[in-house]
Amino acid sequence: MNEALSRLLGRSNRPDPARADRAGEIADLVRTTLGLTAQTAVTVQELACAEPGCAPIETKIAVLDEAPRRWTLHAPVSEVDDEVVRKILTARPEGENEPR
């Protein structure tokens, strides 16, 4: 098992305040970037991935509104950069044209 996955799986059951704080900051950034209300559910989770070719620890972001949206970043919450979050949130899906 690689070191990052071992650390994630071996962590204690105690919550990590720094990880929780950073996840909250990312959720706030998602709301601001997408113009969402405070009532819109936004989740930010750090998960282990054991699938071949998958980063050992990834951050999943989800907006759970009328049209749920999800993004995956191949890094732990603590390493997620605000600019990267803004970029993935505002990127156009492949094949979508510019608005006229």
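**A three-stranded arrangement and its surroundings**

Strand β2 (residues 57–64) and strand β3 (residues 69–73) run antiparallel and are joined by five bridges, where two strands are taken to pair if DSSP finds at least two bridges between them. The structure is a predicted model, in which local features need pLDDT of at least 70 and side-chain atom pairs count only at pLDDT 80 or more, while totals for chains, interfaces and linings use all residues. Residues are numbered from 1 along each chain as its sequence is written, and side-chain values use heavy atoms, with hydrogens and water left out.

The protein chain contains three helices and three strands, and from the N terminus on these elements follow the order α-α-β-β-β-α. Helices (H or I, at least four residues) and strands (E, at least two) are DSSP runs, numbered from the N terminus. Of the 100 residues of the protein chain, 31% are buried, where buried means under 20% relative accessible area, exposed means over 50%, and partly exposed lies in between, with a 1.4 Å probe and protein chains only. The chain exposes about 7000 Å², of which carbon and sulfur atoms supply 50%; such areas come from the Shrake-Rupley method with a 1.4 Å probe, and for residues only the protein chains shown count as cover. Contact means heavy atoms within 4.5 Å, and among contacts between residues at least 6 apart in sequence, 38% join residues at least 24 apart.

To return to the strands, β2 also pairs with strand β1 (residues 41–48), to which eight bridges join it in an antiparallel arrangement. On the other side of the pairing with β3, a hairpin of four residues connects β2 to β3. Individual partners can be followed across these strands: V42 stands opposite V63 in β2, V63 in turn has R69 as its bridge partner in β3, and the bridge partner of K60 in β3 is T72. Six of the eight residues of β2 are buried, so this strand is largely enclosed by the rest of the structure. In a regular strand the side chains alternate between the two faces of the sheet.

Several strand residues reappear in the largest nonpolar core, a term that denotes a set of buried Ala, Val, Leu, Ile, Met, Phe, Trp, Tyr and Cys residues joined through side-chain atoms within 4.5 Å. Of its 16 residues, I26, V30, V42, V44, I61, V63 and V85 touch the most other members. The elements that give two or more residues to this core are α2, β1, β2, β3 and α3 (82–90), and α2 gives the most, with five residues. V30 illustrates these connections, as V30 touches L36, V42, I61, V63, V85 and L89 when residues up to four places away in sequence are not counted. In soluble globular proteins, nonpolar side chains tend to be buried together.

Helix α2 (residues 17–34) also holds R22, which counts as buried at 15% relative accessibility. The side chains of R22 and E25 are joined by a polar contact of 3.1 Å, a polar contact being a pair of N or O atoms within 3.5 Å, of which, within protein, one must be able to donate a hydrogen and the other to accept it, with residues adjacent in sequence counting only if both atoms are side-chain atoms. Leaving aside residues up to four places away in sequence, R22 touches V77, S78, V80, D81 and D82. R31 is found in helix α2 as well, and R31 is buried with a relative accessible area of 18%. With the same exclusion of residues up to four places away in sequence, R31 touches L36, T37, A38, T40, A41 and V42.

In the loop between β3 and α3 lies E79, which is exposed, with a relative accessible area of 57%. The C-alpha atoms of E79 and E58 are separated by 9.9 Å, the two residues being 21 residues apart along the chain.

A search of the whole structure finds one disulfide, defined as a pair of cysteine sulfur atoms within 2.5 Å. This disulfide joins C49 to C54, with an S to S distance of 2.0 Å. The torsion about the S-S bond of C49 and C54 is about 125 degrees, so the disulfide is right-handed. C49 is buried, with a relative accessible area of 10%.
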